[in-house]
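Here is a short report for a reader new to this structure. Please look over the sequence and the model first.

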Amino acid sequence: MNSMYQQLMQLPLFQGVSTDKITALVEKLPFHFLKYRNAEQVLEAGDPCTHIKFIVSGKVRVEIPFTHLKVSVLQTLASPHVLAAEYLFGRETNYPFNAVADGPCGILQLRKGDYIKMINSDKVFLFNILNYLSSGSQRVTTNVICIKDGSVAERLSSLIDSVVMTGAEDIVLKYKQKDLCALLGTQRTTLVSTLDKLTGNGLIEYDSNTLRVLDRDEMIDLSR
């Protein structure tokens, strides 16, 4: 139980909960530990979010596709991490992304109804999920109101910050150039000029259909 407790305590939304409470919950609720092989599908865009899911070992590669555009953002999430718990509640309860195992990985999942029981069992769980949801909501609002002059660099920065999850690594934007121009509201020459400048500043590297973020913090600061 000690090793399981230590593993659970590392997870977002579990921090600050007592050992006795974790022990009681493990005995009462069905915690499912799932194993995935490299490149095995964990989630598919459009799947209903019926369980809360945590990465407990290894890594998951997430791809967020933009509807009606040949643009997608890829990122890697490592243990310990919660997988988009904001889609467990609210108006939209289908995952907006695909996720595959990046090497062998382990996922802990708990049914929505059982997670609600867990929240009701201890206020710490309630405060943790409220903080998680509030942080995500506030970040999106900040991105909208803090853009200074609406430059292409700022719009790209805001786009990346809006869809890249906290703690994500290896951030890559795949695109058709005309679709990325449409998404950012700019022309090809302006886009290329902007990408060249960002490359020169060491923030990204890119080619005709792929952009890799080299310095996430500096990139996101452009729109702050």
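The report covers a sheet, a buried helix face and a surface patch.

This is a predicted model, where local features need pLDDT of at least 70, side-chain atom pairs count only at pLDDT 80 or more, and totals for chains, interfaces and linings use all residues. Residues are numbered from 1 along each chain as its sequence is written, and side-chain values use heavy atoms, without hydrogens and water.

Start with the sheet. Four strands (DSSP E runs of at least two residues, numbered from the N terminus) form an open antiparallel sheet in the order 1-8-3-6. Strands pair if DSSP finds at least two bridges between them. Strand 1 and strand 6 are the edges, each pairing on one side only. Two bridges join strand 3 to strand 6. One partner pair is F54 with V82 in strand 6.

| Strand | Residues |
|---|---|
| Strand 1 | 32-36 |
| Strand 3 | 51-57 |
| Strand 6 | 81-82 |
| Strand 8 | 105-111 |

Now helix 6, residues 177-184 (helices are DSSP H or I runs of at least four residues). Its buried residues (under 20% relative accessible area, 1.4 Å probe, protein chains only) are D179, L180, C181 and L184. Their cover includes strand 5, helix 5, strand 9 and helix 7, by contact (heavy atoms within 4.5 Å). Just after helix 6, G185 takes a positive phi of about 65°.

Last, helix 4. L130 lies in this helix, residues 123-145. L130 counts as partly exposed because its relative accessibility is 42%, and that class runs between 20% and 50%.

Notes. Axes fitted to C-alpha atoms, helices over the stretch in contact; angles between N-to-C directions.
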